[in-house]
Amino acid sequence: MYICPLCRQPLTLTGRQYRCASNHSFDLAKESYVNLLPVQQKNSKDPGDNKLMIEARRAFLQSAAYQPLSDAVNKLVMQAAPATVLDLGCGEGYYSGRLQQALKPAVRLSGIDISKAAVKYAARHYPAIRFAVASAYQLPFADNSFDSIIRIYAPSDSSELQRVIKPQGRLISVNPGPEHLIEMKQAVYREVKLHSDQIKDQPGFQHIQRQQLSYPLHITEPEQLDNLLQMVPLAWKFSSDTRQAFIATTRTISIDFLLDVYQSDKTADKPG
Ligand SMILES: C[S@@+](CC[C@H](N)C(=O)[O-])C[C@H]1O[C@@H](n2cnc3c(N)ncnc32)[C@H](O)[C@@H]1O
Ligand SMILES: [Zn+2]
């Protein structure tokens with residue numbers, strides 16, 4: 001299922017080691033994930049989200065604040081009854097874990113993320129899912145591997161998406177809607193710029209469905225807001241004073257997601 005990140009030949013698992021025909025080898029970690037990110041593909045020593053960001057996101061997601069999003073993603077995935085699914089930029093596995101619960105046990109679910117700390121956490125908590133440390137820009141999978149790919153707030157490369165998707169396969173992409181976390185922006189910007197709600201082109205795919213998911217999130221405790229602040233890029237705009245004031249006075253935050261479903265143009269007789 002995996003291909004070698006160095007020479008692109010298939011990897012086979014023997015014992016706890018993946019090996020390709022050219023003898024490149026990759027060990028399964030004790031949490032049973034595999035690190036398929038060669039140094040040449042690392043743009044920093046520790047790429048992706050760090051442990052603190054992961055812990056904050058984990059705590060926030062556990063408050064069920066984004067459970068409606070996870071449920072909506074699961075529904076969209078299940079519409080197509082896939083046999084193989086990839087969670088691209090899976091983070092610490094919150095959405096993959098809930099998706100796996102919703103899907104039939106025979107469905108093969110994989111997750112990749114460039115952050116080793118995130119993948120380690122995911123592999124420890126969701127042993128039924130295959131996780132790898134890998135880059136979205138050079139996916140360690142053979143051509144035509146997945147019926148569905150989910151991409152929740154994660155970077156991707158359009159030629160890699162086209163390569164690994166099966167003919168007629170689907171991409172479910174989640175991005176922030178115009179009003180997402182608008183109160184946070186209002187706290188730090190004089191003029192607030194809304195997220196665009198334009199449907200983005202996805203080369204090699206047709207856009208087939210859009211769903212907007214908006215709801216007010218009622219803040220149950222200050223830690224919840226504190227965690228949310230740690231996981232968003234906007235956080236560094238807050239001084240410690242504005243941050244404290246924001247946490248003390250905010251009771252509701254606007255949540256606004258855009259879920260877009262794309263279908264691959266590939267056909268079975270002309271794959272790739
Ligand atoms: C905003 S987080 C979203 C994580 C998860 N999908 C979620 O919503 O909880 C973006 C994720 O993309 C990962 N990431 C960043 N650059 C990446 C790359 N080039 N390849 C794979 N993952 C990457 C980060 O480590 C992080 O876990
Ligand atoms: Zn190799």
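Visitor: In this predicted model, what makes the crossing of α1 and α7 left-handed or right-handed?
Guide: The crossing is left-handed, a term for the case in which the near helix is turned anticlockwise from the far one by less than a right angle.

Visitor: At what angle do the axes of α1 and α7 cross, and how is that angle classed?
Guide: The axes of α1, residues 51-62, and α7, residues 222-231, come within 8 Å and cross at roughly 135°. Angles over 145 degrees would count as roughly antiparallel and those from 65 to 115 as roughly perpendicular, so α1 is oblique to α7.

Visitor: Which residues make this contact, and how do they divide by character?
Guide: On the α1 side they are Leu 52, Met 53, Ala 56, Arg 57, Ala 59 and Phe 60, and these meet Gln 224, Asn 227, Leu 228, Gln 230 and Met 231 of α7. By character, the contact residues divide into 7 nonpolar, 3 polar and 1 charged.

Visitor: What secondary structure does the protein have, and how do you know whether it is as compact as a globular protein of its length?
Guide: The protein has 8 helices and 11 strands. Its radius of gyration is 19 Å, close to the 19 Å that the globule rule gives for 272 residues, so the protein is as compact as a globular protein of that length. Along the principal axes, its C-alpha trace spans about 60 × 40 × 35 Å.

Visitor: Which residues come nearest to ligand 1, and what is the character of its shell?
Guide: Of the 19 residues around ligand 1, the nearest are Gly 48, Gly 89, Gly 91, Ser 115 and Ala 136, while the shell as a whole divides into 11 nonpolar, 5 polar and 3 charged residues.

Methods:
Residues numbered from 1 in each chain as written. Chains lettered and ligands numbered in written order. Predicted model: local features only at pLDDT ≥ 70, side-chain atom pairs only at ≥ 80, totals over all residues. Axes fitted to C-alpha atoms, helices over the stretch in contact; angles between N-to-C directions. Helix = DSSP H or I, 4+ residues; strand = E, 2+ residues; numbered from the N terminus. Parallel < 35°, antiparallel > 145°, perpendicular 65-115°, else oblique. Contact = placed C-beta atoms within 7 Å. Nonpolar A, V, L, I, M, F, W, Y, C, P; charged D, E, K, R; others polar. Near = placed C-beta within 6 Å. Rg over C-alpha atoms; globule rule 2.2 N^0.38 Å.
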